[in-house]
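Reader: I am new to this structure and should like to know what stands behind the terms used for it. May I put some questions about how each description is reached?

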Amino acid sequence: MTMKLLTTNTSSNASASAFTSSIDSTYKVYVFKFYDINAATDGVQFTFQGSTDGGSNYNTAITSTYFASYHYEGDSDADMGYDGGQDLAQGTGYQPLCNDVGNDADQSEAGVLYIFAPSSTTFAKNFIVKSNQCGAGDYTQEQFAAGYFNTTSAINAVNFKMSSGNFDGTIKMYGVA
Amino acid sequence: MPLGANKAAIMGVAGVSKADVVLLATNNITSAVSASAFTSGITSTYGEYIFKFYGMHPATDDVYFEFNVSIDGGSNYNVTKTTTFFQGQNAESGSEGGVAYKNGDDLAQGTGYVRLATNLGNDADQQCAGELHLFNPASTTFVKHFYSRAVTPHSANYANDAFIGGYANTTSAVNAISFQMSSGNIDVGKIKMWGVK
């Protein structure tokens, strides 16, 4: 098995970063690595959604889980727990990869999204997210999201964006044979 | 859905150095050392570096396995970091199972070493294993994010599953990393460094 780099999207002050080709039956797993993601707006979510029509619409039903651990630079608070505000229950909106991201010049997000067998026309499409971010209030937060696109149509495009405002950053898509 | 059989390909373990995940260096520790450092190969060539460690056996009982990073090629390992640490555990007896945040094992703008695993036992059959991901260490604009997961037999004979995340709070490029036990030597172990294109 090998992991092959398929596409690199380098964004500068972009409203979204879409992958609208190469997501097909060639690979069983698609891996999206993102780093140096810097939001233009403070305190927003970095999110993604999948499309079943090549990117014309990003509104696939998702059910997901989301939990996180966090720790403030000033050591004022630290904890972990489930965050019911970041999950979806058959929602068609965007799934957060990171929440409450900071937009200072040196603040960023990094992580990985795995999507399993997106071209299946039999099963729902599972995904797993792991990420780390600089929180808007100067804290570190590690996030764990997982869920599925609840559709038997093939997912053939994926889009990333902030919940509000633009962003800079690098997102790479790999295929795992 | 667990990663299952795909994990090897995704995470880049031995034997998967083809294509865009490249094995860069292996530190094979066969006799006791105080630390295991990678002082070359951490550059802008790769956007992500993955460190796989396994068979990490401490010379001293009940210590921490930990790492720090350097911005001067390994002369100093004292970069400011803020981190999280939570852990699942279960005793061999079946008691004490649970998951919780551990305040004493994180850092808040600390310059000391980041704990990857705590309370390692040093019985002959005990060892720590896991992986650490470090993102774009060569950036001179942003902080450097990392996260890790490690499993350890606790010195009191229970399983620990440790999750850490955080960032090196510097805009200088990170160009070296060192692993050590909090006290005593690393008896034996193996650490591999991979680059992800």
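Reader: Which residue in β7(B) stands opposite F65(B)?

Author: The residue opposite F65(B) in β7(B) is A117(B). Before going further, please note that this is a predicted model, in which local features need pLDDT of at least 70 and side-chain atom pairs count only at pLDDT 80 or more, while totals for chains, interfaces and linings use all residues. Residues are numbered from 1 along each chain as its sequence is written, chains are lettered from A and ligands numbered from 1 in the order in which they are written, and side-chain values use heavy atoms, with hydrogens and water left out.

Reader: What makes strand β4 (residues 63-70) of chain B and β7(B) a pair?

Author: Two strands pair if DSSP finds at least two bridges between them. Strand β4 of chain B and β7(B) have four bridges, in the antiparallel sense, and therefore satisfy that rule. The strands themselves are DSSP runs (E, at least two residues; helices are H or I, at least four), numbered from the N terminus. In general, strands of a sheet pair through backbone hydrogen bonds, either parallel or antiparallel.

Reader: Why are β2 (35-38) and β7 (114-120) of chain B said to stand at the edges?

Author: The open sheet has four strands, in the order β2-β11-β4-β7 of chain B, with antiparallel pairing. Because β2 and β7 each have a single partner strand, one side of each is left without a neighbour in the sheet. From one strand to the next, the twist averages 15°, where axes are lines fitted to C-alpha atoms (for helices over the stretch in contact) and angles run from 0 to 180 degrees between N-to-C directions.

Reader: Why is the contact of E48(B) and K33(A) called a salt bridge?

Author: The term requires a side-chain nitrogen of Lys or Arg within 4 Å of a carboxyl oxygen of Asp or Glu. For E48(B) and K33(A) the N to O value is 2.6 Å, so the rule is met. E48(B) lies in strand β3 (residues 48-58) of chain B and K33(A) in strand β3 (residues 29-39) of chain A, so the pair joins two chains.

Reader: How do you know that E48(B) is buried, and K33(A) as well?

Author: Buried means under 20% relative accessible area, exposed over 50%, and partly exposed in between (1.4 Å probe, protein chains only). E48(B) has 3% and K33(A) has 2%, so each falls under the limit for buried.

Reader: How many salt bridges are there over all chains?

Author: The count is six. Among them, K52(B) and E131(B) meet at 2.5 Å, N to O. K52(B) lies in strand β3 of chain B and E131(B) in strand β8 (residues 128-135) of chain B, so the pair ties together parts that are 79 residues apart in sequence. Both K52(B) and E131(B) are buried. In chain A, E142(A) bridges to K130(A), with the closest N and O atoms 3.7 Å apart. K102(B), D105(B) and R115(B) are linked in a network of salt bridges.

Reader: What makes D36(A) buried and D62(B) partly exposed?

Author: D36(A) has 14% relative accessibility and so counts as buried. The value for D62(B) is 39%, so this residue counts as partly exposed. D36(A) lies in strand β3 of chain A, whereas D62(B) is found in the loop between β3 and β4 of chain B. Phi is positive in both cases, near 55° for D36(A) and near 65° for D62(B), and each is a residue other than glycine.

Reader: Why is strand β8 (residues 95-101) of chain A called largely enclosed?

Author: Six of its seven residues are buried, so β8 of chain A is largely enclosed by the rest of the structure. Strand β4 (residues 44-51) of chain A pairs with β8(A) in the antiparallel sense over four bridges. One of the bridge partners there is C98(A), which faces F46(A).

Reader: How many residues of chain B are in contact with chain A?

Author: By the rule of heavy atoms within 4.5 Å, 47 residues of chain B are in contact with 47 residues of chain A. About 3,700 Å² is buried between the chains, 65% of it on carbon and sulfur atoms; this is the accessible area (1.4 Å probe) that two parts lose on being put together, summed over both. The rule for salt bridges finds one across this interface.
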